[in-house]
Amino acid sequence: MSAPMIKQLPISVDKSTKGEMRTQFAALCYRIVNGKVQIMVITSRRSKRWIIPKGWPMDGKTPAQAAAQEAWEEAGVEGKVGQTPLGLYSYKKMKDDLGDLPCLAVVYPLRVKKHTKTYPEAGQRKRKWVSRKRAAKMVAEPELARIIRDFAPVL
């Protein structure tokens, strides 16, 4: 069976050139409770806004594996990561030494099988399970909100 298609919103990168863009891999961590999909959102370390786990490419790991690794490090979750991206979203990453870096995040679904209290960034972030609708309202990026709202895993 093929993966469901999701309409992708246009990506906004302001006046950035291709050479200035950075790519990250993100995990849309989800679970199903009583037939309802729940999404895990976490806080960013600096601004404490609500985001999903994401990070840079990793040597020796596929993009999906890198997203799963970030989910473990930033949210303390493990599970089965999908190999097909759900979509892309753009945002600006604040870097002290470089200013705002324009980034494009590729989002992979990760069905959570296990979450732990102890994980690498546990003391630096909050995490919360919420409905798709609530998660979409909590994140700042409109493209990510659309991906979350349209996400429909097979139950």
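1. A residue is called buried here when its relative accessible area is under 20%. By that criterion, six of the eight residues of strand E2 are buried, so E2 is largely enclosed by the rest of the structure. The model is a predicted one, and the points below refer to that model. Across the protein, which has 155 residues, 41% count as buried.

2. Overall architecture. The protein contains three helices and eight strands. Their order along the sequence is β-β-β-β-α-β-β-β-β-α-α. Of the contacts between residues at least 6 apart in sequence, 70% join residues at least 24 apart.

3. Pairings of E2. Strand E2 comprises residues 36-43 and runs antiparallel to E1, to which four bridges join it. Five bridges join E2 to strand E8 (residues 127-131), again in the antiparallel sense. With strand E3 (residues 50-51), E2 shares two bridges, and these two strands also run antiparallel. Specific partners can be listed for each of these pairings. Between E1 and E2, Tyr30 is the bridge partner of Ile39, and Arg31 is that of Gln38. Gln38 also has a bridge partner in E8, namely Ser131. Towards E3, Ile42 is bridged to Ile51.

4. Hairpins and backbone angles. E1 and E2 form a hairpin with two residues between the strands, and Asn34 in this hairpin adopts a positive phi near 50°. The hairpin of E2 and E3 has six residues between its strands. In that turn, Lys48 has a positive phi of about 65°. A colleague checking backbone geometry may wish to look at both residues, Asn34 and Lys48.

5. Second partner of E1. Strand E1 (residues 22-33) also pairs with strand E4 (residues 54-55), in the antiparallel sense and over two bridges. Here Phe25 stands opposite Gly55 of E4. E1 is thus described by two pairings in this note, one with E2 and one with E4.

6. Aromatic pairs. The structure holds three aromatic pairs. One of them is formed by Tyr30 and Phe151, in an edge-to-face arrangement with 4.9 Å centre to centre and 70° between the planes. This pair links distant parts of the chain: Tyr30 belongs to strand E1, Phe151 lies in the segment after helix H3 (142-150), and the two are 121 residues apart. Tyr30 has a relative accessible area of 10% and is therefore buried. Phe151 is also classed as buried, because its relative accessibility is 4%.

7. Tyr89 and Tyr91. Another aromatic pair consists of Tyr89 and Tyr91, whose ring centres are 5.9 Å apart; their planes meet at 35°, so the pair is tilted. Tyr89 counts as buried because its relative accessibility is 1%. Tyr91, with a relative accessible area of 8%, is buried as well. The ring of Tyr91 has a further neighbour: the charged end of Lys54 sits over it, 4.8 Å from the ring centre.

8. Nonpolar cores. The largest nonpolar core has 25 residues, and Leu28, Ile39, Tyr89, Val107 and Ile148 have the most contacts inside it. At least two residues of this core come from each of E1, E2, strand E6 (87-95), strand E7 (99-115), helix H2 (132-138) and H3. A second, separate core has 18 residues, and Cys29, Ala66, Ala75 and Leu110 are among them.

9. Surroundings of Leu28. Leaving aside residues up to four places away in sequence, Leu28 touches Ile39, Ile52, Leu86, Val107, Tyr108, Pro109, Leu110, Ile148 and Phe151. This list includes Ile39, the bridge partner of Tyr30 in E2, and Phe151, the aromatic partner of Tyr30. It also includes Leu110, which belongs to the second core.

10. Cysteines. The structure holds zero disulfides. Cys29 counts as buried because its relative accessibility is 0%. Cys103 is likewise buried, at 1% relative accessibility.

Conventions. Residues numbered from 1 in each chain as written. Predicted model: local features only at pLDDT ≥ 70, side-chain atom pairs only at ≥ 80, totals over all residues. Heavy atoms only, no water. Pairing = 2+ DSSP bridges. Buried < 20%, exposed > 50% of the residue type's maximum accessible area, 1.4 Å probe, protein only. Phe/Tyr/Trp six-rings, centres within 6.5 Å; stacked < 30°, edge-to-face > 60°. Lys NZ or Arg CZ within 6 Å of the ring centre and 35° of its normal. Core = buried A, V, L, I, M, F, W, Y, C linked by side-chain atoms within 4.5 Å. Contact = heavy atoms within 4.5 Å. Disulfide = S-S within 2.5 Å.
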